[in-house]
Amino acid sequence: MKHMAAYLLLVLGGNASPRADDVKKALGVGGVEVEDERLNALISELEGKDLSELIATGTGKLAQLGGGGGGGGGGGEGGDAAAEEEKEEEEKVEEEEMDMGGGMDMFGGEAA
């Protein structure tokens with residue numbers, strides 16, 4: 001995969017048909033180890049082929065596979081649990097506010 005990625009980057013950079021040495025140099029700059037057998041196999045597979053056509057063909061094959069992940073499972077309790085927690089917190093705050101302590105009226109003076 002790393003060899004293919006470097007090959008594609010070289011093509012995007014303007015090198016229409018990168019050689020094995022080009023790919024080695026690109027990977028070497030990034031400190032990536034090159035596997036000569038795999039790289040040579042890739043270069044020989046791609047030699048003389050139009051990369052745009054290969055990508056179009058591959059995209060068509062991927063479309064046939066379908067896909068779509070098993071996204072989203074869950075969600076759990078939804079908003080009700082959060083609403084209940086919020087109500088409990090509001091009740092606690094109201095209770096704290098109501099407890100004015102010993103003998104004070106609404107305006108802070110002593111009760112008559």
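In this predicted model, helix H4 covers residues 51-65, a run of 15 residues. From its first C-alpha to its last, H4 reaches 21 Å, close to the 21 Å expected at 1.5 Å a residue. Just after H4 comes glycine 66, whose phi is positive, at about 85°.

Turning to the start of the chain, helix H1 (residues 2-12) packs with helix H2 (residues 20-29) at an angle of about 105°, and their axes lie 9 Å apart. Angles of 65 to 115 degrees count as roughly perpendicular, so H1 is roughly perpendicular to H2. On the H1 side, the contact is made by Lys2, His3, Ala6, Tyr7 and Leu10; on the H2 side, Asp22, Val23, Ala26 and Leu27 take part. By character, the residues of this contact of H1 with H2 divide into 6 nonpolar, 1 polar and 2 charged. A simple rule helps when reading such lists: an α-helix has 3.6 residues a turn, so residues three or four places apart point the same way.

Helix H2 also meets helix H3 (residues 36-46), with axes that come within 10 Å and cross at roughly 130°. H2 and H3 are therefore oblique to each other, and H2 passes H3 in a right-handed crossing. Here H2 contributes Ala20, Val23 and Lys24, while H3 contributes Asp36, Leu39, Asn40 and Ile43. The residues of the contact of H2 with H3 divide into 4 nonpolar, 1 polar and 2 charged. Val23 of H2 is worth finding in the structure, as Val23 takes part in the contact with H1 and also in the contact with H3.

How values were computed: Residues are numbered from 1 along each chain as its sequence is written. This is a predicted model: local features need pLDDT of at least 70, side-chain atom pairs count only at pLDDT 80 or more; totals for chains, interfaces and linings use all residues. Side-chain values use heavy atoms; hydrogens and water are left out. Axes are lines fitted to C-alpha atoms, for helices over the stretch in contact, and angles run from 0 to 180 degrees between N-to-C directions. Helices (H or I, at least four residues) and strands (E, at least two) are DSSP runs, numbered from the N terminus. Angles under 35 degrees count as roughly parallel, over 145 as roughly antiparallel, 65 to 115 as roughly perpendicular and the rest as oblique. Contact means heavy atoms within 4.5 Å. Ala, Val, Leu, Ile, Met, Phe, Trp, Tyr, Cys and Pro count as nonpolar, Asp, Glu, Lys and Arg as charged, and the others, Gly among them, as polar. The expected span of a helix is 1.5 Å times one less than its number of residues. A crossing is left-handed if the near helix is turned anticlockwise from the far one by less than a right angle, and right-handed if clockwise.
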